[in-house]
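Biologist: Before we go through the assignments in this model, I would like each label to be set against the criterion behind it. Could you show me the entry, so that we can begin?

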Amino acid sequence: MAGEIKTIGVLTSGGDAPGMNAAIRAVVRKAIARGVKVKGIKKGYMGLLNEEIVDMEPHSVSDIIQRGGTILGTARCKEFTTEEGQKKGADICRAHGIDGVVVIGGDGSYRGAQALSKQGINTIGIPGTIDLDISCTEYTIGFDTAVNTAMEAIDKVRDTSSSHERCSIIEVMGRNAGYIALWCGVANGAEDILLPEKYDFNEQNIINNIISNRKRGKTHHLIINAEGIGHSTSMARRIEAATGIETRATILGYMQRGGSPTCKDRYYASIMGAYAADIICDGKTNRVVALKHGEFVDFDIDEALAMQKDISKYEYEVSRVLSSSIQTG
Ligand code: ADP
Ligand code: F6P
């Protein structure tokens with residue numbers, strides 16, 4: 001543990017996520033309330049290496065809680081994955097009087113925080129990603145907004161799909177994880193939900209479902225496909241050829257990362273931001289904030305990165321029962 005913490009930095013890293021601003025605001029205000037100075041590090045680790053560092057005051061974070069994106073900017077930075085880059089980052093922190101850094105981002109950003117901690121700079125991670133793919137936590141900042149944005153968009157596609165009696169494949173984000181696809185698949189009442197963790201690549205099953213649903217009088221067929229499976233456009237072409245039913249692919253893309261955060265994202269990000277500020281001011285290092293069994297807790301980063309999580313078997317089974325596939329299969 002380092003000595004007294006006088007100044008901390010805060011940065012956002014990796015993909016932006018709605019709610020990151022609420023987390024920044026909470027880190028800044030809670031640390032200042034504890035008598036600790038805060039500096040904003042722009043554009044993630046890249047901004048650290050380029051010394052894009054600004055003083056933050058309570059008013060610097062006014063009028064941001066409702067905004068999507070991150071006021072600090074974010075980036076992916078290759079140089080910081082090298083030991084040389086990490087040493088340089090730690091030296092820059094020391095030159096600016098920064099004793100500790102709060103890092104808001106995903107697993108990759110945690111590895112950066114872990115490296116910075118090894119270089120003698122206290123670090124605390126906050127889970128910020130729409131993908132919900134961080135093993136140690138039940139909640140990640142941005143997921144709630146992203147699934148609500150995607151759900152509303154999918155409802156709209158469904159209207160057109162029903163009117164034209166089409167099959168629609170809608171691809172949602174999530175990198176290699178299927179959480180966004182599972183939640184939207186259930187919430188949008190999809191007929192097929194394709195998750196990277198579960199998909200068996202048996203397209204014939206989907207084709208059979210579409211044909212039997214059409215025979216039963218269904219006017220639409222909604223397939224939620226996860227980004228980790230991808231290839232929605234070619235899948236649509238093959239399904240149309242096999243079923244004779246017009247099939248269209250819609251890739252929702254970056255709209256899922258933007259927009260004003262939901263109440264849940266603003267609230268949880270605020271609590272996690274304050275929690276991170278508290279533990280970094282207490283002198284803790286190499287920790288990540290998490291939600292576990294509904295409680296805000298913190299874990300050692302090394303342990304957090306070694307944890308595994310998977311789609312809940314029960315929730316997946318429910319999704320199968322509620323979609324039409326189980327009735328026809
Ligand atoms: P996320 O944080 O959303 O998972 P990335 O995986 O792109 O996003 O990671 C964000 C940044 O974190 C990278 O651009 C890099 O600067 C840093 N990072 C990722 N992996 C490492 C690593 N093994 N060591 C040090 N820094 C890393
Ligand atoms: O991690 C968030 C995310 O949007 C993923 O769902 C997606 O795979 C990735 O980031 C896209 O990253 P980029 O912004 O580099 O295209």
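Biologist: How many aromatic pairs does the structure hold?

Modeller: This is a predicted model, and the structure holds six aromatic pairs.

Biologist: Why is the pair of Tyr139 and Tyr268 called edge-to-face?

Modeller: A pair of aromatic rings is described by the distance of the centres and the angle of the planes. The ring centres of Tyr139 and Tyr268 are 4.7 Å apart, and rings pair if their centres lie within 6.5 Å, so the two count as a pair. Their planes stand at 65 degrees, and planes over 60 degrees apart count as edge-to-face, so this is the term that applies to Tyr139 and Tyr268.

Biologist: What makes this a link between distant parts of the chain?

Modeller: Tyr139 belongs to the loop between β5 (122-127) and α5 (143-163), whereas Tyr268 is in helix α9 (residues 263-281), and the two are 129 residues apart.

Biologist: What makes the approach of Cys77 to ligand 1 a polar contact?

Modeller: A backbone N or O atom of Cys77 lies 2.6 Å from an oxygen atom of ligand 1, and the criterion is a pair of N or O atoms within 3.5 Å, so the pair qualifies. The same cut-off admits a polar backbone atom of Gly106, at 2.9 Å from an oxygen atom of the ligand, and a backbone N or O atom of Gly108, at 3.0 Å from a ligand oxygen atom. Taken alone, ligand 1 exposes 560 Å², of which the protein buries 79%.

Biologist: Which element gives the largest share of the shell around ligand 1, and what is the make-up of that shell by class?

Modeller: Helix α4 (residues 107-118) supplies the largest share, five residues, and by class the shell has three nonpolar, nine polar and three charged residues.

Biologist: How do you know that Asp131 and Glu227 make polar contacts with ligand 2?

Modeller: A side-chain N or O atom of Asp131 is 2.6 Å from an oxygen atom of ligand 2, and a polar side-chain atom of Glu227 lies 2.9 Å from a ligand oxygen atom; the limit is 3.5 Å, so both count. A backbone N or O atom of Gly174 also lies 3.0 Å from an oxygen atom of ligand 2. Of the 400 Å² of accessible area that ligand 2 has on its own, the protein covers 78%.

Biologist: Where does each ligand sit?

Modeller: Ligand 1 sits in the largest pocket, and ligand 2 sits in the largest pocket as well.

Technical notes. Residues numbered from 1 in each chain as written. Chains lettered and ligands numbered in written order. Predicted model: local features only at pLDDT ≥ 70, side-chain atom pairs only at ≥ 80, totals over all residues. Heavy atoms only, no water. Polar contact = N/O pair within 3.5 Å; in protein donor to acceptor, adjacent residues only side chain to side chain. Areas by Shrake-Rupley, 256 points an atom, 1.4 Å probe, with all protein chains shown as cover. 1 Å grid on protein atoms, 1.4 Å probe; cavity = no way out; pocket = protein on both sides within 12 Å on 5 of 7 lines; lining within 4 Å. Sits in = over half its atoms within 2 Å of the grid points. Helix = DSSP H or I, 4+ residues; strand = E, 2+ residues; numbered from the N terminus. Nonpolar A, V, L, I, M, F, W, Y, C, P; charged D, E, K, R; others polar. Phe/Tyr/Trp six-rings, centres within 6.5 Å; stacked < 30°, edge-to-face > 60°.
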